[in-house]
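Trainee: Before we use any of these labels, I would like to go through how each one is earned. Could we take them one at a time, with the model in view?

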Amino acid sequence: YFEKFMGKKPKIVKDFLENSRIKLVFLPTCSPNLNLIEPIWKLFKKNVLYNKHHETLSQFRDSTIKFFQNIGQYANEISAIMEGGFQSL
């Protein structure tokens, strides 16, 4: 997989990564429980998408921005997600 990914990058990027201290770590495909952002997206979808109707793209955009501007109100849910470590979705 790494070679497939790197094959799509320009030579300058390949050279930089080979000579840098950056270590790329790829998550296995179809493993959302290993990616800690996935529960945040699940929370986002629960609060912005599911059972919600947005008449316009602008309304959807506003709801999205409002969710992230007020992410602190979900602190308990986010803490529970993060403290639980990896989880099945």
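Trainee: Which residues is Val-48 in contact with, once its neighbours within four places in sequence are left aside?

Mentor: In this predicted model, Val-48 is in contact with His-54, Phe-60, Ser-63, Thr-64 and Phe-67; the word applies where heavy atoms lie within 4.5 Å.

Trainee: Why is Thr-64 called buried or exposed?

Mentor: Thr-64, which lies in helix 4, has a relative accessibility of 19%, and buried means under 20%, so Thr-64 counts as buried. With neighbours within four places in sequence left aside, Thr-64 is in contact with Phe-44 and Val-48.

Trainee: What makes up the largest nonpolar core?

Mentor: The largest nonpolar core has 7 residues in all, namely Ile-40, Leu-43, Phe-44, Val-48, Phe-67, Tyr-74 and Ile-78. Membership requires buried residues of the listed nonpolar kinds, joined through side-chain atoms within 4.5 Å. Helix 3, residues 37-49, supplies the largest share of this core, with 4 residues. As a general matter, nonpolar side chains in soluble globular proteins tend to be buried together.

Trainee: Why is Leu-24 called buried, partly exposed or exposed?

Mentor: The relative accessible area of Leu-24 is 34%, and the class in between runs from 20% to 50%, so Leu-24 is partly exposed. Leu-24 lies in the loop between helix 2 (11-18) and helix 3.

Trainee: What makes Leu-24 part of a nonpolar patch on the surface?

Mentor: A patch takes residues with over 30% relative accessible area, and Leu-24 has 34%. Leu-24 forms the patch with Phe-16 and Ile-22, and together these residues have about 280 Å² of accessible area.

Trainee: How many of the residues count as buried over the whole protein, and how much area does the protein expose?

Mentor: Of the 89 residues, 15% count as buried, while the protein exposes about 7,400 Å², with carbon and sulfur atoms supplying 56% of that area. The protein has 5 helices and 0 strands, and among contacts between residues at least 6 apart in sequence, 47% join residues at least 24 apart.

Trainee: Where is the confidence lowest, and where is it highest?

Mentor: Confidence is lowest in helix 1 (residues 2-6), at a mean of 50, and highest in helix 4 (residues 57-69), at 95. For the protein, the mean pLDDT is 78, and 78% of the residues reach 70 or more.

Key. Residues numbered from 1 in each chain as written. Predicted model: local features only at pLDDT ≥ 70, side-chain atom pairs only at ≥ 80, totals over all residues. Heavy atoms only, no water. Helix = DSSP H or I, 4+ residues; strand = E, 2+ residues; numbered from the N terminus. Buried < 20%, exposed > 50% of the residue type's maximum accessible area, 1.4 Å probe, protein only. Areas by Shrake-Rupley, 256 points an atom, 1.4 Å probe, with all protein chains shown as cover. Patch = residues over 30% accessible without salt bridge, like charges linked within 9 Å, V, L, I, M, F, W, Y side chains within 5 Å. Salt bridge = Lys/Arg side-chain N within 4 Å of Asp/Glu carboxyl O. pLDDT = per-residue confidence, 0-100.
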